[in-house]
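Student: I should like a close look at one part of this structure, namely the protein surface that faces the nucleic acid. Please set out the contacts with their distances and cut-offs, and then relate them to the surroundings.

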Amino acid sequence: MDYLKGLNESQYEAVTTLEGPLMVLAGAGSGKTRVLTMRIAHLITNGVDPFNILALTFTNKAAREMKERIAKVVGESDARSLWMGTFHSVFARLLRSEAHYLGFPSNFTIYDTQDSLNVLKKVLKEMNIDSDVYKPKKVLGRISQYKNNLITVNAYFNNPEIIEADERANMKLMGEIYRKYVDTCFRSGAMDFDDLLLRTNELLTRFPEVLAKYQDRFRYILVDEYQDTNHSQYLIVKALASKFENICVVGDDAQSIYSFRGANIYNILNFKKDYPDAHTVSLEQNYRSTQNIVNAANVVISKNLQQFKKNVFSENEEGEKIKIYRSLSDADEANFVASNIWEIRNREQRKFEEFAILYRTNSQTRAFEDALRKRNIPYRVYGGLSFYQRKEVKDLIGYLRLLVNENDSEALLRVINYPARGIGETTQNKLIVFADQNNISIAELLSNLGFYAPRLGLNNGVLNKLGEFWSMIKAFQVMLKQDNVYNVAMEVSKRSGLIKLLKDDQTPEGISRVENVQELLNSMQGFLEEQQQLEDGDASLSNFLENIALSADTQRNDDEEDMVSLMTIHLSKGLEFPVVHLVGLEENLFPSFMSSSSREELEEERRLFYVALTRAEKQAFFTYAISRFQWGKITDAEPSRFLSEIDSEFLEFINPAMERRTINRSGLSSSIFDEAPSAETPFFKKKEAKRTIGSTPKEEAVPKNLKPVATARIINPSGQSSQDIEVGDHVRHDRFGVGEVIFLDGTDPNNIKAKVHFANEGEKNLILKFAKLTKI
DNA sequence: CCTTGGCACTTTTTT
DNA sequence: AGTGCCAAGG
């Protein structure tokens, strides 16, 4: 058990205390992920079947990274059979197999926020409710709150307090809207994000046999980022853990930053009340950052009233002071950061991937993209407007969703007249109202159009068009049964007229829309190949759709690795970078103007600041601008209050003479960091977000179930060329790039599995027959 | 029924 | 500045 070596005392305790409730309070940089990983490995080495372990993380990124690390210790196959993922993805999976209990189809659609909003808008319209008073976003937010607190529609109407609260807020129709929204989703066979948790709760409370089944299955439960769980998540965990009470929660109250989506910091603060005999371990030594950074972060977070007593310390070098740069404008700020990165990289021989630019809002990215591009500095933007949220992409996905679940009326209405085929708003409204009144879905209505036609009040022309549309959809569905997702999507985009419509638009935007659709199709082909090659792959359309619904950006990896990372602070949680630039430190931006009204909100912003600062290992830079281009005009800004909360002993001002300088019109600063790098080296390449950062796995553990085979023959599906391949060979794969063969398994030449470690993608298990590997 | 042009609103953060 | 929504005209 050499993995236990090198753990400090508290880490060791957290890893080896396997039975009973355990709370690990892990300060920033204290090796939390390592502890979680080792703990799971330790469970498995101690004979716990990975099948009985449930590990819940907060983001897909975290889940993936941890799974990779665990695989290195216990082997890929064990790692694969544990249930690990975000709450949403794990319970979506569980709900798929138990959906019938709740009257949902197992292929239910998952609505993202945009979908929910569209549904809600239609509901408001149908109910003739003024959406100026009932602002859809606000209404949806309230519904989300209900759901996260397990207030179902019935519970709502039995709860005078809430009804009264809504009345006081001048929203006395909330109950009816809520009911109608839930009904609509149900009839569409769809769940929104909150439903995935709420319905899981419903399932576990209403059906004791289901609860018992999963209690028995998940004997060991681990929850990461416990401080960010909401009430609904809390109850699921509690229910599942109540039989064996082998529950380990890991978190840091100082890093709770998701209360806007219902995270309840009291879940972690009250853990000891829920489990009186719980063991508590505190990890307080920070191994990540310099003393200066840790101490400065401590000072800031100490301004919050609500927290555990904790003493995070670092024994690393003292390190450099945090440098503050005051800029004239957002463009100036970005230019400084870009030049600074360039300069430090050259001076200290660092790689671009060691730098991060962190900001409060996604809209701040643009200026930095411009500045970096100007200097040919490669960068990658994480998060932001997801590819899958673009209109043209959603349109095609709308068709695909309709094929999988034809009751999904949101998808249906999205595509029924796009491209325009003469089924306008009036007709659509008739369909909606009729379906609603007869308590059927629009799909049922269209499937029995002849039967319902006399009562619909539509003319023959329109009826024909409806019939044509629906038989086109039916034809696609038939095709889906026989053909693969890529071919079907291709056919859909052609026959629906989508591609033609987009191609007719020759403006630059139009061209980029065509490219986006093309990229979606490419990604489907990639998905298809990948799933076909993985031995436990699932190449179904519904699997593809689920993947994109629950992970905002499943973008492909690519060759270029060494890039500066740009992301929001929220996304940066759990990551670390040698040099961090924390930008836009201005009042009303950070802290956000939306969060300056109450102490609670402000404390969350402060925790956010804490998270940002503690991402830095060696150096941190703070920047702010005195004016900023915002909402189409220039706005003056003041430095963030957080800056003044840090003792000056930790800080150093880069441009103290700034005030006296005349403002130069170019907005470029000319202080000590002038010299912009020349633009002659053309290695700049813009990349979309990818999921994993840095760390390529190096050592390999021998998987238990694979028997080594010395050599195997590559057989192409086409059967043309074949070549011998053996362990240790370097191979090239169309999508995954270059990698090394670690393992071969199987005697049947048609079914030889190869485990390949790709430089960019990590390990993959491939079926040799399908994977087009070339020896290099 | 569809297209166009003007106008209002936007930006907090994510599953 | 960019997007989405609505009203009016074709």
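Tutor: A polar side-chain atom of Thr113 lies 3.0 Å from a base oxygen of DNA strand B, which is a polar contact (a pair of N or O atoms within 3.5 Å; within protein, one must be able to donate a hydrogen and the other to accept it, and residues adjacent in sequence count only if both atoms are side-chain atoms). This is a predicted model, in which local features need pLDDT of at least 70 and side-chain atom pairs pLDDT 80 or more, while totals for chains, interfaces and linings use all residues. Residues are numbered from 1 along each chain as written, chains are lettered from A and ligands numbered from 1 in the order of writing, and side-chain values use heavy atoms, without hydrogens or water.

The backbone also takes part: a polar backbone atom of Asn362 is 2.8 Å from a phosphate oxygen of DNA strand B, and one of Gly424 is 3.1 Å from a phosphate oxygen of that strand. Helix 21 (425–437) and helix 29 (569–572) are the elements that give two or more residues to this surface; helices are DSSP runs of H or I of at least four residues and strands are E runs of at least two, numbered from the N terminus.

Around DNA strand B there are 31 residues, of which Lys137, Arg360, Thr426, Thr427 and Met594 come nearest. Sugar and phosphate make up 52% of the strand B atoms that come within 4 Å of the protein. A residue counts as near when one of its heavy atoms lies within 4 Å of the strand. By class, the surface holds 12 nonpolar, 15 polar and 4 charged residues, where Ala, Val, Leu, Ile, Met, Phe, Trp, Tyr, Cys and Pro are nonpolar, Asp, Glu, Lys and Arg charged, and the others, Gly among them, polar.

DNA strand C is surrounded by Lys121, Trp631 and Gly632. A polar side-chain atom of Lys121 lies 2.9 Å from one of the phosphate oxygens of strand C.

As for the surroundings, the UniProt record, in an unreviewed entry, lists residues 5–290 as "domain: UvrD-like helicase ATP-binding"; such annotations may be inferred rather than shown by experiment. The span 5–290 is 53% helix and 13% strand, and its end C-alpha atoms lie 24 Å apart.
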